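Grab a pencil and work through a few short exercises on the model below. Try each task yourself before you read the solution.

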Amino acid sequence: MALQDAWSEALTALKEQASEASFEGWVKSAFPLRMQGSTAVIGANSGFAKHWIEKKHADAIRQLLSQSLGFEIKLKVEIVERKEPLLLDEKLPVKPNPQTNLSDESIFQPLNPKYSFDNFVVGPTNRLAHACAAAVADEPSRTYNPLFLYGGAGLGKTHLMHAVGLNAVQANPDFRVVYVSGEQFTYHYVTSLREHRTAEVRRRYRSVDLWLVDDIQFLTGKERTEEEFFHTFNAIYETGKQIVLTSDRPPRDLELDSRLRSRFECGMLADISPPDLETRMAILQSKARTGCVALSDEVILYIARLITSNIRQLEGALIKLHAYASLMDAEVTPSLAEKVLGEYYTDNAPPVIDVAKIVGEVSDRFGIDPSEIKGKCRGKEIVASRQLAMYLARTLTETSLPAIGKAFGGKDHSTVLHACRKIEERLGRDRVFAAQVEEISRRLQHER
Ligand code: ADP
Ligand code: MG
């Protein structure tokens, strides 16, 4: 067995063993590189991931790989820079269980109770999709049939689809909901052909009240599966049962039989596009709350600005940051978030400005030691530098007045306000000073 296959097997087993955070954050981002004699070389995409895998999972990985490969291996983890999303986007390779019993209910995936309407944050870019899903969930087969949700990866299509199913079962436990991905549908069909059991599998599919088909783009280019899908679709639709579909693109861009495309187009189409900043922040807040992770507004804002187009990555960033902070016993600040996440999302990463950086810049510019700027010393030049640093903290960061006071030797908020007024007044009359301040703030805003 090749290393790649052994790795896929090991991942599936590890997913059961490792905690979710650890798995999502570290193991899943690793990838097999090569065999070197009897050593399996695994790539990790950061020093920290390597450290974590070696420390926590090396034994389990070694055992699992040895088992799959059929001989004892050694394990080596190398850092390989991959500028891909740090985590999670792609699913585990689906390797159908060879024992799958086609006549058994368990061929269908269960619904994930976490993907409920309650846990779904609504914003301008998913409002329509949410409203349609909610309407279908309330009254299946009455409103929009079929409902076709489409949009890019990690934007909540699967989540909404499960929510519809969960709601329907909750309202009526006898309601038969079948959730299947395009990929699984293909697999079921191909297996049933091989085992000469198409009739049986068809019956399973067709006796449903609500049919949820996820990632239908997977059917494109598979002629016979597509044909089977078409017949299944018609059989379910014609008995008046509800169908919900998702895809990464609208029907017109799917290379499917035109009959099938026009069936989709006759239903309700709703797209989901990447969420705006406020929605991203609300999602982070909600995920942090459910995961019992305490995050300041500044950190939430930092992550929401950094990761703009995929909610799964937003979640992944939270998990990664949390894992890092708890492992290192560090407080989660914007600087820490920048350190842990910034390298992965360099295109978007806004520079973090915090008190420590401001003090550093002011210290460089005026040759005063940072500890004096943050301390209590009353020397004239030191006080002037401290006031400037407070002013910059007030104007360039979201830090509150009391927090700024605290960072500068435990002053109260009125001292900070006084400092800001002094600086503003000096900026108005001293052009050289104004130019210096402008330069400092420019450097803070552009440096990375
Ligand atoms: P898709 O199927 O579009 O690729 P998913 O439904 O799998 O995306 O969503 C990816 C992750 O993001 C899931 O964990 C999901 O719970 C979460 N998610 C997506 N949209 C939202 C939302 N609006 N509110 C809360 N969580 C969301
Ligand atoms: Mg999905």
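## Exercise 1: The cavity

The largest cavity has a volume of about 60 Å³. Keep in mind that this is a predicted model.

**Task.** Find out which residues line the largest cavity and which helices supply at least two of them.

*Solution.*
- Step 1: start with the count, which is one cavity of 30 Å³ or more in the structure.
- Step 2: list the lining, made up of F185, H188, Y189, S192, T198, V201, R202, Y205 and E228.
- Step 3: match the lining to the helices. Helix 6 (182–194) and helix 7 (198–206) each give at least two residues to it.
- Step 4: sort the lining by class, and you get four nonpolar, three polar and two charged residues.

## Exercise 2: Helix 8, inside and out

**Task.** Check whether the length of helix 8 fits the expected span, then work out which of its residues are buried and what covers them.

*Solution.*
- Step 1: helix 8 runs over residues 223–238, which is 16 residues. At 1.5 Å a residue these should span 22 Å, and the end C-alpha atoms are 22 Å apart, so the two agree.
- Step 2: the buried residues of helix 8 are T225, E226, E228, F229, F230, T232, F233, N234 and I236. One of them, E228, also appears in the lining of the largest cavity.
- Step 3: look at what lies over those buried residues. The cover includes helix 6, helix 7, strand 6 (210–214), strand 7 (242–247) and helix 9 (258–266).
- Step 4: zoom in on T225, which sits in helix 8. Its relative accessible area is 5%, and the cut-off for buried is under 20%, so T225 counts as buried.
- Step 5: find the partners of T225. Setting aside neighbours within four places in sequence, T225 touches F185, T186, Y189 and L219. Two of these names, F185 and Y189, turn up in the cavity lining as well.
- Step 6: see what comes after helix 8. G240 follows, with a positive phi near 80 degrees.

## Exercise 3: Two more helices

**Task.** Do the same length check for helix 16 and helix 1, and name the buried residues of each.

*Solution.*
- Step 1: helix 16 covers residues 380–396, or 17 residues. The expected span at 1.5 Å a residue is 24 Å, and its end C-alpha atoms are 24 Å apart, so that checks out.
- Step 2: in helix 16 the buried residues are I382, V383, S385, R386, Q387, L388, A389, M390, Y391, L392 and A393.
- Step 3: the cover over them includes helix 14 (355–366), helix 15 (370–373), helix 17 (401–407), helix 18 (413–429) and helix 19 (431–446).
- Step 4: helix 1 (residues 3–17) has 15 residues and reaches 20 Å from its first C-alpha to its last, close to the expected 21 Å.
- Step 5: the buried residues of helix 1 are L3, A6, W7, S8, A10, L11 and L14.
- Step 6: keep the geometry in mind when you look at such a list. An α-helix has 3.6 residues a turn, so residues three or four places apart point the same way.

## Exercise 4: Unusual backbone spots

**Task.** Compare D215 and D329: what is the phi of each, where does each lie, and is each buried or exposed?

*Solution.*
- Step 1: begin with the background. Most residues other than glycine have a negative phi, and most peptide bonds are trans.
- Step 2: D215 has a positive phi near 55 degrees, and D329 has one of about 55 degrees.
- Step 3: D215 is in the loop between strand 6 and helix 8, while D329 is in the loop between helix 12 (311–328) and helix 13 (334–341).
- Step 4: D215 has 17% relative accessibility, so it counts as buried. D329 has 71%, so it counts as exposed.
- Step 5: add a peptide bond to the collection. The bond joining N145 and P146 is cis, with omega about -10 degrees, and P146 lies in the loop between helix 4 (127–138) and strand 4 (147–151).

## Exercise 5: The whole chain

**Task.** How many helices and strands does the protein chain have, and what share of its residues count as buried?

*Solution.*
- Step 1: the tally is 19 helices and eight strands.
- Step 2: of the 448 residues, 47% count as buried.
- Step 3: among contacts between residues at least 6 apart in sequence, 74% join residues at least 24 apart. For a pair far apart along the chain, take Q445 and V352: they are 93 residues apart, with C-alpha atoms separated by 8.0 Å.

Conventions:
Residues are numbered from 1 along each chain as its sequence is written. Chains are lettered from A and ligands numbered from 1 in the order in which they are written. This is a predicted model: local features need pLDDT of at least 70, side-chain atom pairs count only at pLDDT 80 or more; totals for chains, interfaces and linings use all residues. Side-chain values use heavy atoms; hydrogens and water are left out. On a 1 Å grid over the protein atoms alone, a cavity is a set of points where a 1.4 Å probe fits but cannot get out, and a pocket is an open set with protein on both sides within 12 Å along at least five of seven lines; lining residues have an atom within 4 Å of a point. Grid points are joined across faces, edges and corners, and a volume is the space filled by probe spheres set on the points. Helices (H or I, at least four residues) and strands (E, at least two) are DSSP runs, numbered from the N terminus. Ala, Val, Leu, Ile, Met, Phe, Trp, Tyr, Cys and Pro count as nonpolar, Asp, Glu, Lys and Arg as charged, and the others, Gly among them, as polar. Buried means under 20% relative accessible area, exposed over 50%, partly exposed in between (1.4 Å probe, protein chains only). Contact means heavy atoms within 4.5 Å. The expected span of a helix is 1.5 Å times one less than its number of residues.
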